[in-house]
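Thanks for coming. I will go through one interface first and then the chain behind it. Please have the sequence and the structure open.

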Amino acid sequence: MLRFFIKGLIRDRQRSLLPIIVVTLGVMLTVLGHTWITGILGDVIDFNARFSTGHVKVMTSEYFENIDQMPNDLALLESEAFIAELQEKYPDMTWVERISFGGLIDAPDEEGETRAQGPAAGMALDLLSPESQEAERLNLQNILIKGTLPTSPDEVILSDEFASRLEVEPDDQVTLITTTMYGAMSITNFTVCGTIKFGVGALDRGGIIADISGIRYALDMEDATGEILGYFPGGEYPDEKAITLTENFNNKYADEEDRFSPVMVPLRDQNSLTGMIDIIGYMSGIIISIFMIAMAIVLWNAGLLGGLRRYGEMGLRLAIGEHKGHIYRSLLSESVVIGIVGSVIGTLIGLLFASLMSKGIDFSDMMEGSTMMMPGVYRTQITLESYYIGFFPGVLATVFGTALAGIGIYKRQTANLFKELQA
Amino acid sequence: MKIINIIIALMIPGVLAAQPSGDEILDRIDENMSSETRHVISKMVIHGTRATRTIESETWSVGNEKAYTEYLAPAREKGTKMLKLEDQLWIYSPGTDRTIRISGHMLRQSVMGSDLSYEDMMDDPELRDKYDAVVTGSEEINGAGCWVVEMHANAPDVAYQLRKVWVDKVRYLPLKEELYAKSGTLLKKTELFDIRKVGNRWYPRKIVFKDMLKKGGGTEFIVEEIEFNVEVPEHLLSKAALR
């Protein structure tokens, strides 16, 4: 019977071509849309995790409340012992120390007088320990424009745009003017060892990266750190695991009476990422729903048009004694075949386009004025879900559209069939 | 009853006459606090949110226009020098061998993490030029009778729109001062303690500054040694002295 339907569909292309094209287009757009949105949101989350939030972040409770001010006076003290404790308690995770700081970068002339000056936002991380993976985590080697990564505590990398504005080159000396952990003014010399392009407007305007030991000295933060970032193995952000870990940690360590007690915050509760993570969770449902409704309407119409074209055929089949239910089921069977064929072709084409776009499209020029921590290059991301997200809705929409269109069969009066056929 | 009223009526002009004007009070304060030259060795005890730090310094000053400060301790700050020449302020950091001019928003930063800002250091103590002073009452501070003087800014370029000062009626020292923003928010509070006679003037041995917007326990400025109208080495009051 199935062979009969397939032969019918192949031989009568008018019966199958339009629905297959519609399903193919719909499924292709669904797959492409899903991979694009997954890619964008995934990139934003991954970028934030690497640069700023970790999968979870530990800091003092008051630091968290004032985090936008980079309040290093509220830093975690005795951080070396604390991080060792975290590593012992949560051995699967990677824990790293980070210090965010602000200040002025002052470029001197030959006399040591200020030649150029600009506001800077910096990040200090472990770049010198042999076991540290921080440089890889931030992809620093690949975004290096000039020079090298720091090899000593008194070296810094500036954003290329910032270095150009200050007219400094690798090996030039600059002075960081900032505030120590105790609120005193700090003036420290650093040698520029390289320049990088972050691809993020906010960082490219005045970003500095330095080894944490050099910044600890500058900020008088011996054995202290602003933040401890935790990463789960595998690199992907596991939302539920992060929430569970956070609850366990805060039950043990957080103390409402002590404003310097450590608190853990998952990625979703930082940098306004909650909505974005929730969207990822709902996205498949949203895309499928939109697709199902739109496709069902289009295919319903296609089915009605097909029904009109095959009006005579249906009438003849009824006239020679075929049951209405049998005809209806045969139409549904045809639609299953059409749905499967359209969905397979649509999924393949969608995945092809998605893989072509997986290298990314550079939007950094459009984001020059952005102050958000957003990557400049967006790419599609093919996940396991991408392989089936369009398939089932494609088949179901076809069947649903045909089912609606086929209801007309039951409205035909057998007594009038010959009159209709004669006409 | 009539007699009492008459006595009160006769006394009031006498009371008013005994109350000096705001400007007179400011002049008497200047006589105590200002001098042609000065040499001070002092200690700043900064009660921060996490720790208490002590910073020692030596200052030479000429009037209110020129001042040279060298930090003596702790080791991290030792050798840091600061020079104020009228409306300009430089800081020299021995670790970097750089002299940085403090200007713009940097003036709002805290001096060595204390409750004092560089702007406070640059503030012209000649209050009469920028403020209209009015005596608004009389109160007691630490057992001493004080005039309450309110100073409203008459110039736009002042850090504090309103200063409220409690001035000792006998020694003419501002025992307490509150500094307010235009919005009426209390920004800083200063109190003077351990007042002693130095030569022919009264001078506090301890001044406590509190930045009301900071969470720490304030900064104690303790005068270890002070000399007035001494000869200030000329070479100290130039940028060359910083290096």
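How many salt bridges are there between chain B and chain A? Four. Before going on, note that this is a predicted model.

One of these salt bridges joins B:Lys239 to A:Glu113. Their closest N and O atoms are 3.4 Å apart, and the cut-off for a salt bridge is 4 Å.

Now the interface as a whole. On the chain B side, 23 residues are in contact with chain A, and they meet 31 residues there. Interface size is often quoted as the accessible area lost when the parts come together. Here, chains A and B bury about 2,100 Å² between them, and carbon and sulfur atoms account for 50% of that. Three arginines stand out on chain B: B:Arg50, B:Arg76 and B:Arg98 supply 35% of the area that chain B buries against chain A. No other three residues supply more.

Next, chain B by itself. Chain B has 243 residues, and 47% of them count as buried. Its secondary structure comprises 13 strands and four helices. Along the principal axes, the C-alpha atoms of chain B fill a box of roughly 80 × 40 × 35 Å. Taking the contacts in chain B with a separation of 6 or more, 44% are between residues 24 or more positions apart.

Last, the surface and the charges. Chain B exposes about 12,400 Å², with 52% of it supplied by carbon and sulfur atoms. Chain B carries 34 positive and 38 negative charges, and the mean positions of the two sets are 5 Å apart.

That is the end of my part.

Key. Residues are numbered from 1 along each chain as its sequence is written. Chains are lettered from A and ligands numbered from 1 in the order in which they are written. This is a predicted model: local features need pLDDT of at least 70, side-chain atom pairs count only at pLDDT 80 or more; totals for chains, interfaces and linings use all residues. Side-chain values use heavy atoms; hydrogens and water are left out. Helices (H or I, at least four residues) and strands (E, at least two) are DSSP runs, numbered from the N terminus. Buried means under 20% relative accessible area, exposed over 50%, partly exposed in between (1.4 Å probe, protein chains only). Contact means heavy atoms within 4.5 Å. Accessible areas come from the Shrake-Rupley method with a 1.4 Å probe; for residues, only the protein chains shown count as cover. Lys and Arg count as positive and Asp and Glu as negative; His and the chain ends are not counted. The place of a charge is taken as NZ of Lys, CZ of Arg, CG of Asp or CD of Glu. Buried area is the accessible area (1.4 Å probe) that two parts lose on being put together, summed over both. A salt bridge is a side-chain nitrogen of Lys or Arg within 4 Å of a carboxyl oxygen of Asp or Glu.
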